[in-house]
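Colleague: I have this chain open on my screen. Can you walk me through it?

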Amino acid sequence: MHVNFLQDRRFLRCKNGFMREDGHREEAPGPDGPRSRNALRDDARFFTSGCMTGEERVDCLTATFRKHRYALHAHETFVIGAITSGCGTLWLQGTRHRASPGDLTLLNPEDVHDGTPHDDTGYSYRVTYPSAPLVRRLAAEITGHEVQPHFRCRVIRDPAAATRLVAAHLALETSGWSLGTEEALLLAYACCLERHAEGFRPEAPRGREQQRVSRVKSMLEDQATSSDVCLADLAGEVGVSRFHLIRMFRNEAGTTPHAYLVGRRIEAAKRRLRRGEAPVAVASATGFADQAHLTRVFKARVGVTPGAYRDGVSK
């Protein structure tokens, strides 16, 4: 239930408590007449993740606000976000908080708050709205037992966790749902919970890690060129949670399941390029979204583009 405590008719309620004035952008006139089209313009966009657990999705917002001021409101969901530029302020628990780049905003369900720019330059932020049941299930995966997550500090300085959350959010916005973006969002949430939720203790490592990791490696190699690989299937095959799968895989293999999968795809691409195949055909045959995706990932790992590699090694 979203609560508007001001009862101001200029503000509208929507699914996640995102309230804006009548929905129209405004241009504030300057002393010499109307300002440029981009001056003081607010910009916001909602999008949704894929299925984080079961059929449940996570709504996401990316926004830049220079004029917009949220009315007092609350969310049924958690609110896990980070400031990316500028400075915003929010009132909650009787105190006005400031949030800048490197700060996390970690609100529990029904935390009453507002949100305003600190000054005329405004602020930009990225935020997610995971439901309470979803966060509880994730917490159980991490700790190995039922737990009721609760954040002590709602605005906290943690540049490492903020960077991880922003990267996962941006990947979801630009690339959509995949093994890689699911893994990134899961690890970002786990980082926030482990560092800042009350009484949070990760589950102790289990035995038979090496055998489980070997099995997962085999599955990833078999599905290297498939675009339909998900953490839940991999974790279910070896009898662990998704979070435990990522942690044990990284401990044993030195990398995450997604990074390992990308490595297998790169090796498959190399074999085809050595045979003289065109990069566009190689991309579609080895599990990459398109040639641009292949080029970006290939150069990051090999040092040259697929075309340059093919020209240098093909016979």
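Modeller: Let's start with helix α1, which is mostly covered: nine of its twelve residues are buried. Buried means under 20% relative accessible area, exposed means over 50%, and partly exposed is in between, with a 1.4 Å probe and protein chains only. Helices (H or I, at least four residues) and strands (E, at least two) are DSSP runs, numbered from the N terminus. This is a predicted model, where local features need pLDDT of at least 70, side-chain atom pairs count only at pLDDT 80 or more, and totals for chains, interfaces and linings use all residues. Residues are numbered from 1 along each chain as its sequence is written, and side-chain values use heavy atoms, with hydrogens and water left out.

Colleague: Which residues in α1 are buried?

Modeller: They are A132, L134, V135, L138, A139, A140, E141, I142 and T143.

Colleague: What caps the N-terminal end of α1?

Modeller: S131 does. One of its side-chain oxygens lies 3.1 Å from the backbone nitrogen of L134. That is a polar contact: a pair of N or O atoms within 3.5 Å. Within protein, one atom must be able to donate a hydrogen and the other to accept it, and residues adjacent in sequence count only if both atoms are side-chain atoms.

Colleague: And what follows α1?

Modeller: G144, with a positive phi near 85 degrees.

Colleague: How far apart are the end C-alpha atoms of α1?

Modeller: They are 16 Å apart. That agrees with the expected span, because twelve residues at 1.5 Å a residue should cover 16 Å. The expected span is 1.5 Å times one less than the number of residues.

Colleague: Switching to charges. How many salt bridges are there?

Modeller: The count comes to 14. A salt bridge here is a side-chain nitrogen of Lys or Arg within 4 Å of a carboxyl oxygen of Asp or Glu.

Colleague: Give me one with R154.

Modeller: R154 pairs with D111, at 2.6 Å from N to O. The two sit 43 residues apart, so to speak in distant parts of the chain. R154 is in the loop between α1 (132–143) and β12 (155–157), and D111 is in the loop between β9 (103–107) and β10 (113–117).

Colleague: Are R154 and D111 buried or exposed?

Modeller: Both are buried.

Colleague: What does R195 meet in a salt bridge?

Modeller: D158, at 2.8 Å from N to O. This pair also links distant parts of the chain, 37 residues apart. R195 is in helix α3 (residues 179–196), while D158 is in the loop between β12 and α2 (159–175). R195 counts as partly exposed at 45% relative accessibility. D158 is buried, at 5% relative accessible area.

Colleague: Any others worth clicking on?

Modeller: Try E277 and R272, a salt bridge of 3.2 Å, N to O. E277 is partly exposed at 23%, and R272 is partly exposed at 27%. Then look at R45, R126 and E173, which are joined into one network by salt bridges that share partners.

Colleague: OK, strands. How many residues of β4 are buried?

Modeller: Eight of the ten, so the strand (residues 56–65) counts as mostly covered, given that buried means a low relative accessible area.

Colleague: What does β4 pair with?

Modeller: Strand β11 (residues 123–129), running antiparallel and joined to β4 by seven bridges. Two strands pair if DSSP finds at least two bridges between them. C60 has T128 as its bridge partner in β11.

Colleague: Where is T89?

Modeller: In strand β7 (residues 88–92). T89 is buried, with a relative accessible area of 9%.

Colleague: Which side chains does T89 reach by polar contact?

Modeller: R96 at 3.3 Å, and T116 at 2.7 Å. T89 also touches H97, R98, D114, G115 and H118, among others, not counting residues up to four places away in sequence. Contact means heavy atoms within 4.5 Å.

Colleague: And what does P101 touch?

Modeller: I83, T84, S85, G86 and R157, leaving out residues up to four places away in sequence. P101 is in the loop between β8 (95–99) and β9. P101 counts as partly exposed, at 35% relative accessibility. The C-alpha atoms of P101 and G86 are separated by 7.1 Å, with the two residues 15 apart along the chain.

Colleague: Last one. What does the secondary structure come to overall?

Modeller: Ten helices and twelve strands. Buried residues make up 48% of the 315 in the chain.
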